[in-house]
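Could you walk me through this structure in simple terms? A short briefing with bullet points would be great.

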Amino acid sequence: MNKPVSLTLLGESNKGVRIHDLIKAPANTPWAKERQQSWDADEPATVYYTPETTADGTPCSAVTVILRTKGCHWWWSSGCTFCGYFNDTRDDVTNENLHSQWQYAKQRFNDFEDHQMVKVYTSGSLFEDREIPVEFQETVLADCQRLGKELIVESRCEQMTEEKLAWATKINQNFAVAIGLEAYDDEVLRFHVNKGFTTKSWERAVVNMQKFNIRIKTYLMFKPPFMSEADALNHSVKWIEAVAEKSDEISVNPMNIQRGTIIDRLHRNNEYRPPWLWSLVEMIKRAHPSIHPDGGFNGDADQISRLIVHPTAGGKVRGAHNCGECDSHVVAAIERYAVSGDLREFGGLECQCQTIWATEISLEETLPTPLGISKSRRGNVLANLRSL
Ligand code: SF4
Ligand SMILES: [Zn+2]
């Protein structure tokens, strides 16, 4: 009989598997290659609109354009443990393709005439010249300036150099950059996320962005791999507090499982559970004083930053979820809080599963179980236990 294939851990005689190899493996599988080539390089991955609020807090509508790109340069050399963007990229996308995609998005929404905000996402960094031709960066900046739209782009820290920002702000004076910091903790960045930069590089990026008056949006990750639910909760409250003063907006992304990633393998192996929605509610309650020290709501004078939690795939097994009964109410309350900043959104939310969640958190805080004790919250308990 063949020995079961498992990761080489400490104490075994074989050489350990590097996290890098685990991250890269699925991207090189035939199914991933085939999927890449199936995309039409002249059409964006997706274009849609959602309700948003402008920088001054006015409710508005925002178009999100997710471009089909070559992906992220950090992914080419290594990659983050939860990033499934490689599923949506094509490594031969040209400047012309990108311009056609942009044209498609503008046409579809009539030069964004009914929308005040445009978010341009590239499965990487818009201002990274190796990923996105400078000419296309310029087109996006110039078009949004000409059309009078508030622009939001995503980037890693390395691209936020004085030189790049001086160039960009000459073309467009009304944009925000969202940086996926994920964790304000170098150990977590290195060993849980494999982020490839440190909190110091984020600090440097912030200083440069402040110099050029660019709005700063910080993404944090709730419950990266190899972390218990209780640790995720306690850490995330601290991280929010640490970045609040320097971020115009903090968006906490509860982990959702993307295909072919490390977190996907852990999840399928019963070694990882996406966060509880109750943990997100608890995190918001504890972090609220860092956002509103005087207990105010969004738009009040005491507001330091804006805290947004948007549970992607919320209520589903691959996203943050509870027992299945209460999920939609809890997700809705979390999303309402992002707009109002009012803790009363959580008033009256109750479910039997709250006790299980609270017990899990308290056990994880007292038992030496660094990876947590989370169990499946859906389906037949017996069948779940048998599959372990
Ligand atoms: S930096 Fe962003 S795009 Fe690049 S691998 Fe990490 S999560 Fe993915
Ligand atoms: Zn419930």
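**Strands and their partners**

Strand β4 (residues 150-155) runs parallel to β5, and 5 bridges join them; strands pair if DSSP finds at least two bridges between them. Helices (H or I, at least four residues) and strands (E, at least two) are DSSP runs, numbered from the N terminus. This is a predicted model, where local features need pLDDT of at least 70, side-chain atom pairs count only at pLDDT 80 or more, and totals for chains, interfaces and linings use all residues. Residues are numbered from 1 along each chain as its sequence is written, while chains are lettered from A and ligands numbered from 1 in the order in which they are written.

- In the pairing of β4 with β5, Ile152 stands opposite Ala176.
- On its other pairing, β5 joins strand β6 (residues 215-222) in the parallel sense over 6 bridges, and Ala178 faces Lys217 there.
- Strand β5 (residues 175-182) is largely enclosed by the rest of the structure, because 6 of its 8 residues are buried (20 or more other C-beta atoms within 10 Å of a residue's own, against 12 or fewer for exposed and in between for partly exposed, with C-beta atoms placed from the backbone).

**Helix α5**

- The buried residues of α5 are Phe136, Gln137, Val140, Leu141 and Cys144.
- They share one side of α5, because they cover an arc of only 135° around the axis (the arc of the directions from the helix axis to the C-beta atoms).
- Val134, Glu135, Ala142 and Arg146 are exposed on the other side of α5.
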